[in-house]
Amino acid sequence: MAINGATELYGIMGNPVAHSLSPAMHNGAFGALGLNKVYLPFAVQDVAQAMTGFRALGIKGVSVTIPHKQAVIPYLDTIDPVAEKIGAVNTLVINNTAIHGENTDWLGANRALSEKISLKGASVLLLGAGGSARAIGFGLLEAGASLTIASRTPEKGQGLARLLDCPWLPLAEAGTVTADALVNATSMGMGSQQDLLPIARETLANFGVVMDIVYAPLATRLLQEAEKAGCQTIDGLAMLLYQGAAQFELWTGQQAPVEVMRQSLLTSLGYNP
Ligand code: NAP
């Protein structure tokens, strides 16, 4: 679709943002459906000025990434109740000048898990207590799952467990838990931590489903070991894809072309020839 006077502008605000996979994913989706929309990266330092700019320029929707997911909240006109509970917004839906905040990270995680397991009444062991664990934890409770958190730093982990009203245990003891699903929301398995396992290999058979939200690499050591242990596995692309699909649907009111978006992500990650 050629850019013209009627093209609608979307984007992602973060800092840094140049590494983001979202422009490829959303422009791929807009193109596939022939929508006259374009999605750009915005490297934002001053959140207040950026929010004024979005309103002034008639921008229609914005993804929000690190470090701005909490900082945008005071500048919203309305916020989704789950996003408010999580305390983080990753999606802005802008109608004229009114900015509404949503969080689709938890929707993405729930949809990814729901492809393998019914979440209502399921037991889930969540590893980690950072930003992603927080969104995933609130989302799992929304879906009616019962939660246990295991993480490295006690004060942080216990703080999140208090908020979610669930048990916490040290990461080193995660292998003592048996649950329907295990979700790794730590950075273990990614980049320089690629060789690290967040839980002992011998204990993976305690879980029916293992989801890793790390997506670089896709076949993390945890998922390789989980497959050997006979678990069903879900890689980090699924959450990334479905949080983006939920954004697309909020912005367009149309069903997201998830296969196109998946291929755009795979190409960006270097998996497609
Ligand atoms: P974060 O807020 O920095 O939290 C990181 C968590 O990992 C913390 O709980 C931290 O422990 C733990 N951790 C890191 N290294 C560890 C180690 N060596 N041993 C034990 N625990 C360790 O990061 P985040 O934003 O939640 O992101 C976490 C991971 O998810 C990243 O790899 C990110 O790329 C990935 N991610 C994926 C998606 C997706 O859509 N697939 C979305 C967002 C993020 P402490 O509690 O001790 O600090």
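## Close-up views of a predicted model

**View 1. Pro217 sits in the loop between β11 (207-212) and α7 (221-228).** This structure is a predicted model. The peptide bond that joins Ala216 to Pro217 is cis. Its omega is about 10 degrees.

**View 2. A second close-up shows Pro16, in the loop between β1 (8-14) and α1 (22-32).** Look at the bond from Asn15 to Pro16. This peptide bond is cis, and its omega is near 5 degrees.

**View 3. Asn96 has a positive phi although it is not a glycine.** The angle is about 55 degrees. Find Asn96 in the loop between β5 (91-95) and β6 (98-102).

**View 4. Val93 belongs to strand β5.** Start with its contacts, leaving aside neighbours within four places in sequence. Val93 then touches Lys60, Ala98, Ile99, His100, Leu250 and Trp251. Now find Tyr10. Along the chain, Tyr10 and Val93 are 83 residues apart. In space, 9.6 Å separates the C-alpha atoms of Val93 and Tyr10.

**View 5. The chain is assigned two parts, domain 1 (8-103 + 238-268) and domain 2 (107-234).** Domain 1 is written as two stretches of the chain, 8-103 and 238-268. In the contact, domain 1 takes part with 15 residues, and domain 2 with 15 residues. The centres of domain 1 and domain 2, taken over C-alpha atoms, are 26 Å apart.

**View 6. Domain 1 and domain 2 bury about 1,300 Å² between them.** The size of an interface is often given as the accessible area lost when the parts come together. Here, carbon and sulfur atoms give 70% of the buried area. Three residues of domain 1 deserve a look: Ile86, Met239 and Tyr242. They supply 47% of the area that domain 1 buries against domain 2. No other three residues supply more of that area. How many salt bridges cross the interface of domain 1 and domain 2? The rule finds one.

**View 7. The side chains of Lys85 and Glu142 form a salt bridge.** The distance from N to O is 2.8 Å.

**View 8. Arg55 and Asp77 pair through their side chains in a salt bridge.** The N to O distance in this pair is 2.9 Å. Arg55 lies in helix α2 (residues 47-57), and Asp77 in the loop between β3 and β4 (78-79), so the pair ties together parts that are 22 residues apart in sequence. Across the whole structure, a search finds seven salt bridges.

**View 9. The largest pocket holds about 1,500 Å³ of space.** Its lining is made of 48 residues. Which of them are closest to the centre of the pocket? They are Ile66, Lys69, Gly131, Ser132 and Ile213.

**View 10. Both domain 1 and domain 2 help to line the largest pocket.** Each of domain 1 and domain 2 gives at least three residues to the lining. Four elements each supply at least two residues: β3 (61-64), α5 (131-142), α6 (154-164) and α8 (236-252). Which element gives the largest share of the lining? Helix α8 does, with five residues. Sorted by class, the lining has 23 polar, 20 nonpolar and five charged residues.

Methods: Residues are numbered from 1 along each chain as its sequence is written. This is a predicted model: local features need pLDDT of at least 70, side-chain atom pairs count only at pLDDT 80 or more; totals for chains, interfaces and linings use all residues. Side-chain values use heavy atoms; hydrogens and water are left out. On a 1 Å grid over the protein atoms alone, a cavity is a set of points where a 1.4 Å probe fits but cannot get out, and a pocket is an open set with protein on both sides within 12 Å along at least five of seven lines; lining residues have an atom within 4 Å of a point. Grid points are joined across faces, edges and corners, and a volume is the space filled by probe spheres set on the points. Ala, Val, Leu, Ile, Met, Phe, Trp, Tyr, Cys and Pro count as nonpolar, Asp, Glu, Lys and Arg as charged, and the others, Gly among them, as polar. Domain bounds come from an automatic or database domain assignment. Contact means heavy atoms within 4.5 Å. Buried area is the accessible area (1.4 Å probe) that two parts lose on being put together, summed over both. A salt bridge is a side-chain nitrogen of Lys or Arg within 4 Å of a carboxyl oxygen of Asp or Glu.
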